[in-house]
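Work through the exercises below with the model open. Try each task before reading its solution.

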Amino acid sequence: MNTHFKSASWLSRLSLLLISCVASTTFAGVDSTLALPAEDQNLSAEEIARQVYFANHFYAFKNFSIERRGRTMTVLINRSSSGKVSTTALERHLNNNYQLAEEESIQSRDLAIFHSGKLRGTGMLITEYQDEEKNKDYMVWLPALRKIRRFAQPQHDDAWGGSVFTFGDVTLRKPDDEEHELIGKKKLRTCLGAIDDLENKHYRYVGELPERSCRHINKQVYGLKSTTKFDYWWYDYRISYIDTTSFADYRTLYFKDDELIKVIDRDWGLVDGDRESDPRALFWKYWYGLDLRTGQESWAVIPKKVVSYNKNRRKSFWTEKTLRKIKR
Amino acid sequence: MRQIKLKQSLFLLSLLSSLSIGNQLDAAENGYLDAIKADYNEFNSGTFEPPAESTWIGSLSTDTDNTRLSHDGLQDFSLFLKQASPGSFIFYNKLPDRYKDQLHQQYLKSGNLDEIKKDIFNYSREVKKQNLN
């Protein structure tokens with residue numbers, strides 16, 4: 001009797017442990033239900049990291065697109081160490097609205113279409129699953145073959161579109177991949193980076209390139225130190241400057257052996273000026289990256305004209321069907 | 001003969017390495033790296049010591065391009081608008097302060113000058129209607 005009681009209690013403990021494990025795994029993830037913290041709330045470093053992930057994955061929107069409007073598109077400018085410039089025009093559509101029972105396993109779908117450069121005519125459909133352990137699905141439309149091929153998830157340190165930005169920087173890195181520490185709170189003091197000799201220049205696809213963004217100077221930012229959990233990684237830790245209200249990460253500095261090796265600056269804009277709306281409902285105006293090891297610079301510029309969100313688009317848009325329709 | 005070849009290859013190597021760090025030097029020369037390092041050091045020291053005459057810290061300094069102002073104050077924003085869109089500025093200047101402040105705050109959030117210009121005209125109409133009543 002006593003033995004039976006003991007085994008029952010052992011079982012209940014085990015089940016409690018399992019439940020708590022599952023709960024903690026769910027808690028570690030970030031989805032569109034992550035609440036905006038109260039203004040006076042003291043946030044931990046991990047909570048801040050989750051809010052940044054929320055803003056960067058556009059979870060404040062059902063869907064978010066940087067599309068094509070006539071000849072206007074988003075451009076990714078890469079300048080190599082020798083000064084050679086290459087340009088890629090692209091559009092990107094993100095859908096976070098998967099809540100029906102049959103779609104429960106899907107977290108989001110991301111469709112990217114390249115319109116110029118070496119990747120012209122290539123399409124990429126990425127499916128992210130709610131199960132954090134599950135790898136993302138990559139389907140790529142190869143225009144030369146006119147076929148879709150499935151690819152394994154790229155490595156976190158693979159270059160995105162041949163740029164300074166890695167897949168980890170753009171989409172793959174999750175809050176749980178790093179250990180976070182809050183190093184302070186201060187004002188942002190400098191303008192965000194840009195390829196300075198291209199500022200305000202007329203440029204194909206965007207009309208005119210912007211100038212360096214100084215709007216965020218004197219905004220209050222958290223300093224967040226994120227140390228990678230990966231072994232033998234390309235950086236040891238990174239320091240991010242995060243807006244204390246909107247959780248926009250304006251700047252990230254990457255360090256290896258305490259040496260600055262890479263910088264990424266992001267200019268953010270609020271889609272809706274309404275004071276009542278979610279301050280995390282932001283969009284990227286531009287990304288600037290500088291790799292100090294190679295001297296390569298990248299600048300992704302997103303004209304406001306091409307940004308749209310919460311559009312009434314059928315879910316079938318985020319399927320292979322759209323990939324097959326891409327014209328070269 | 002071997003020595004000559006060695007010298008040639010050394011020369012080529014140094015030429016290549018100087019080319020490869022060309023852009024890095026660009027970023028360093030234009031003061032961007034110094035500015036962000038000074039900004040980062042503030043986390044440790046608690047004080048911001050801006051590099052001299054930097055065009056990356058949002059002040060007018062030696063650069064006469066006012067559009068690079070931080071737009072932190074209303075005055076800076078007005079000055080920026082005057083240069084960026086003189087036509088809209090005429091209407092903006094006639095608006096009551098509370099509208100100007102609202103426009104400034106909107107610009108800080110969105111950074112979208114086209115929207116700000118539209119709002120200036122909307123506010124001007126609103127003020128005109130109020131005056132007529």
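**Exercise 1. How many salt bridges does the rule find across the interface of chain B and chain A?**

Solution. This is a predicted model. Search the interface of chain B and chain A with the salt-bridge rule: four turn up. Now check one of them. R189(A) pairs with E42(B), and their closest N and O atoms lie 2.9 Å apart. The cut-off is 4 Å, so this pair qualifies. Next, polar contacts. Nine residue pairs across the interface of chain B and chain A are in polar contact, both residues at pLDDT 80 or more.

**Exercise 2. Which helix of chain B gives the most to the side of chain B that touches chain A?**

Solution. List the candidates. Helix 1 (2-20), helix 2 (22-29), helix 3 (32-45) and helix 6 (97-110) of chain B each supply at least two residues of that side. Helix 3 of chain B gives the most, with nine residues. Then sort the side of chain B that touches chain A by class: 14 nonpolar, 15 polar and eight charged residues.

**Exercise 3. Describe the extent of the contact.**

Solution. Count residues: 49 come from chain A and 37 from chain B. Then take the area. Chain B and chain A bury about 3400 Å² between them. Carbon and sulfur atoms carry 54% of it.

**Exercise 4. In what sense do strand 6 and strand 7 of chain A pair?**

Solution. Strand 6 (residues 137-142) and strand 7 (residues 147-151) of chain A are joined by five bridges, in the antiparallel sense. Take one position: V140(A) has R149(A), in strand 7 of chain A, as its bridge partner. Finish at the turn. This hairpin has four residues between the strands, and R146(A) takes a positive phi near 55° there.

Note on methods: Residues are numbered from 1 along each chain as its sequence is written. Chains are lettered from A and ligands numbered from 1 in the order in which they are written. This is a predicted model: local features need pLDDT of at least 70, side-chain atom pairs count only at pLDDT 80 or more; totals for chains, interfaces and linings use all residues. Side-chain values use heavy atoms; hydrogens and water are left out. Two strands pair if DSSP finds at least two bridges between them. Contact means heavy atoms within 4.5 Å. Buried area is the accessible area (1.4 Å probe) that two parts lose on being put together, summed over both. A salt bridge is a side-chain nitrogen of Lys or Arg within 4 Å of a carboxyl oxygen of Asp or Glu. A polar contact is a pair of N or O atoms within 3.5 Å; within protein, one must be able to donate a hydrogen and the other to accept it, and residues adjacent in sequence count only if both atoms are side-chain atoms. Ala, Val, Leu, Ile, Met, Phe, Trp, Tyr, Cys and Pro count as nonpolar, Asp, Glu, Lys and Arg as charged, and the others, Gly among them, as polar.
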